There are 2 protein chains.
Amino acid sequence: MSKKSPDAVDQLLRSIADQYERLPRQLKNVAGYVEQNRPSLVMDRVSDIAGRCGVHPSAVVRFAQHFGFAGFGELQAVFRRAYACGCSPPLSYKERIRKLVHDRHAGHHGKLAAGTVAQNFIAGSRTGLDDLAANFDETAFAAAVKLLDKAETIYVAGVRRSYPVASYTAYALQHTQKRVIQISGLGGMTRHQIYGIGKGDVLFAITFAPYGRETQFCSKMARQQGAEILLVTDSRLSALAKQARVVLAVKESSVFAFRSLTNTMALCQALFVALAYQMEITIEETREPREAHD
Amino acid sequence: MSKKSPDAVDQLLRSIADQYERLPRQLKNVAGYVEQNRPSLVMDRVSDIAGRCGVHPSAVVRFAQHFGFAGFGELQAVFRRAYACGCSPPLSYKERIRKLVHDRHAGHHGKLAAGTVAQNFIAGSRTGLDDLAANFDETAFAAAVKLLDKAETIYVAGVRRSYPVASYTAYALQHTQKRVIQISGLGGMTRHQIYGIGKGDVLFAITFAPYGRETQFCSKMARQQGAEILLVTDSRLSALAKQARVVLAVKESSVFAFRSLTNTMALCQALFVALAYQMEITIEETREPREAHD
DNA sequence: TTCAAAATGGAATTGTTGTTCCAAGTTTTG
DNA sequence: CAAAACTTGGAACAACAATTCCATTTTGAA
């Protein structure tokens with residue numbers, strides 16, 4: 001069969017995975033690069049790879065030889081052949097995906113394959129991001145960044161569906177020099193956690209209809225104590241929105257009636273990145289090369 | 001703008017088409033080959049092309065020069081850049097950010113607008129999702145769904161950066177009839193939380209380099225007790241990967257040292273949706289009818 | 001047909017890349 | 001603590017690819 005080439009790649013990759021542990025440091029680097037940058041291997045030269053892995057060119061050759069090739073050229077040939085096989089996709093991924101999804105729909109008249117469902121979901125998330133980018137409110141976003149930049153302590157609140165986003169946000173913000181407190185509600189301590197908020201602080205609240213009671217409480221408390229509120233929500237019309245200094249509205253698309261989270265997540269990540277940028281935290285400062293950073 | 005690479009190809013191709021008639025025979029051959037075999041140009045050498053066109057290698061060089069390049073290398077670079085843009089966003093993405101930061105230092109006398117940073121970030125996430133969809137491993141995904149479907153109790157583990165995803169996953173899975181336990185590590189109870197795992201159960205582990213200790217511990221424990229592992233990670237090479245029954249590899253691009261999370265998030269959501277679909281849970285059921293559902 | 005201009009292919013050149021070799025450094029083992 | 005095994009990086013080497021040069025052939029116009 002002509003399908004031998006992609007198999008060869010799989011086989012090689014599996015072989016690499018097997019031996020990975022026993023490999024010396026430099027070869028591990030190369031192995032990692034090979035696995036993560038499969039596509040660019042078709043055109044990379046030994047020195048390119050060596051450079052990006054921070055190893056000596058000969059290490060790359062040794063890597064190839066370690067896996068039974070005469071030299072790098074032979075190893076590369078494996079990837080080139082695989083690339084040549086799937087040579088139909090000079091076209092965009094969108095088309096490929098569309099085709100994939102379409103194919104499955106047509107065939108099975110029973111259930112959809114799990115993969116199809118997933119592809120649909122991913123496609124939906126992507127569309128959502130398109131939407132987010134298109135309806136992006138730069139003014140509000142800039143205001144949000146400024147607000148966070150000025151804040152002394154940032155309280156992050158979000159429950160249930162919003163909790164993952166809140167915990168991500170809190171985690172990210174920890175990497176600035178600001179004090180960050182996530183209102184986790186652990187042990188029923190929501191109230192105690194928010195009590196400390198005051199003037200100069202900011203409540204970063206994430207909430208969607210029907211707005212969580214805990215978050216509403218935090219919001220009320222924040223206002224009372226003179227703190228500002230940055231609200232990430234689904235509508236500028238909500239009761240909470242009126243209390244907030246800055247409102248970032250996110251619309252989540254839903255696939256199979258299931259609301260996605262990617263947009264909210266992406267927005268909050270963008271918020272962090274922009275804040276880091278604003279605070280002039282350089283890449284070097286925030287980068288943790290081999291540090292624990294799970 | 002950063003979109004110049006694919007454009008460059010288009011422009012070149014148009015230029016070739018224009019002049020085609022006036023070209024001498026051999027250059028016509030080459031032009032034809034270039035137009036028809038665009039994708040393989042990224043790896044073809046002069047002699048490859050010459051051979052396939054039945055012309056002398058020097059003709060290929062002359063062809064490149066005819067179109068304003070110093071030599072074949074420059075022409076090829078155009079195609080390589082286009083390939084890199086469409087295919088491996090991690091590279092072009094980092095570069096974009098680096099460029100962003102660089103621009104600030106160089107040109108603009110102020111800072112970049114926060115909005116610009118955000119737009120860049122969102123664009124990156126979008127590209128990431130395309131990549132996720134394009135490199136989607138249907139087999140592994142289906143296996144993952146099946147594994148979850150059969151599980152009696154699902155243990156979800158993920159720390160630090162992976163924690164938000166883990167907590168989302170746990171939250172979502174609660175909406176099935178399965179018993180779900182998230183290893184939160186609260187109160188240093190990681191060990192006690194995972195002790196209960198056993199045959200018939202599944203550990204849903206989410207971890208990225210350098211793999212969190214807690215998650216590794218859970219994985220070891222799961223194996224010991226005869227449970228299966230579903231691993232969401234960044235590389236099939238990790239030590240954990242070998243222990244796992246199913247490995248879903250996700251590649252996240254990173255900005256400011258903070259790897260994006262959208263892909264992982266989207267994948268886990270997709271996993272849940274597919275599982276719900278498989279279990280024939282209607283989406284209505286997964287919603288909490290009267291309850292607040294933030 | 002003849003001449004000039006252009007195209008072509010052989011062969012040498014130049015530059016680069018992949019590879020090997022070896023010495024120095026590191027880790028492991030007895 | 002010493003010897004052995006292995007890893008690493010520098011430099012030389014070999015192979016090859018891209019490019020140029022030039023003689024030859026072809027084409028086209030007068």
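What pLDDT does chain A average, and what percentage of the residues score at least 70? Chain A averages a pLDDT (the predictor's confidence in each residue, from 0 to 100) of 79, and 81% of the residues score at least 70. This is a predicted model, in which local features need pLDDT of at least 70 and side-chain atom pairs count only at pLDDT 80 or more, while totals for chains, interfaces and linings use all residues. Residues are numbered from 1 along each chain as its sequence is written, and chains are lettered from A in the order in which they are written, with ligands numbered from 1 likewise.

Two stretches of chain A have low values, where contact requires C-beta atoms, placed from the backbone, to lie within 7 Å.

| Stretch of chain A | pLDDT | Contacts in the model |
|---|---|---|
| residues 87-110 | under 50 | 24 contacts beyond four places in sequence |
| residues 281-293 | below 50 | 17 contacts beyond near neighbours in sequence |

Between the chains, 82 residues of chain A are in contact with 71 residues of chain B. On the side of chain B that touches chain A, H7(B) gives the largest share, 15 residues, helices being DSSP runs of H or I with at least four residues, numbered from the N terminus.

Within chain B, H8(B) passes H13(B) in a right-handed crossing, that is, with the near helix turned clockwise from the far one by less than a right angle. In this contact, Ala144(B), Val145(B), Leu148(B) and Asp149(B) of H8(B) meet Leu271(B), Ala274(B), Leu275(B) and Gln278(B) of H13(B).

Conventions: Helices (H or I, at least four residues) and strands (E, at least two) are DSSP runs, numbered from the N terminus.
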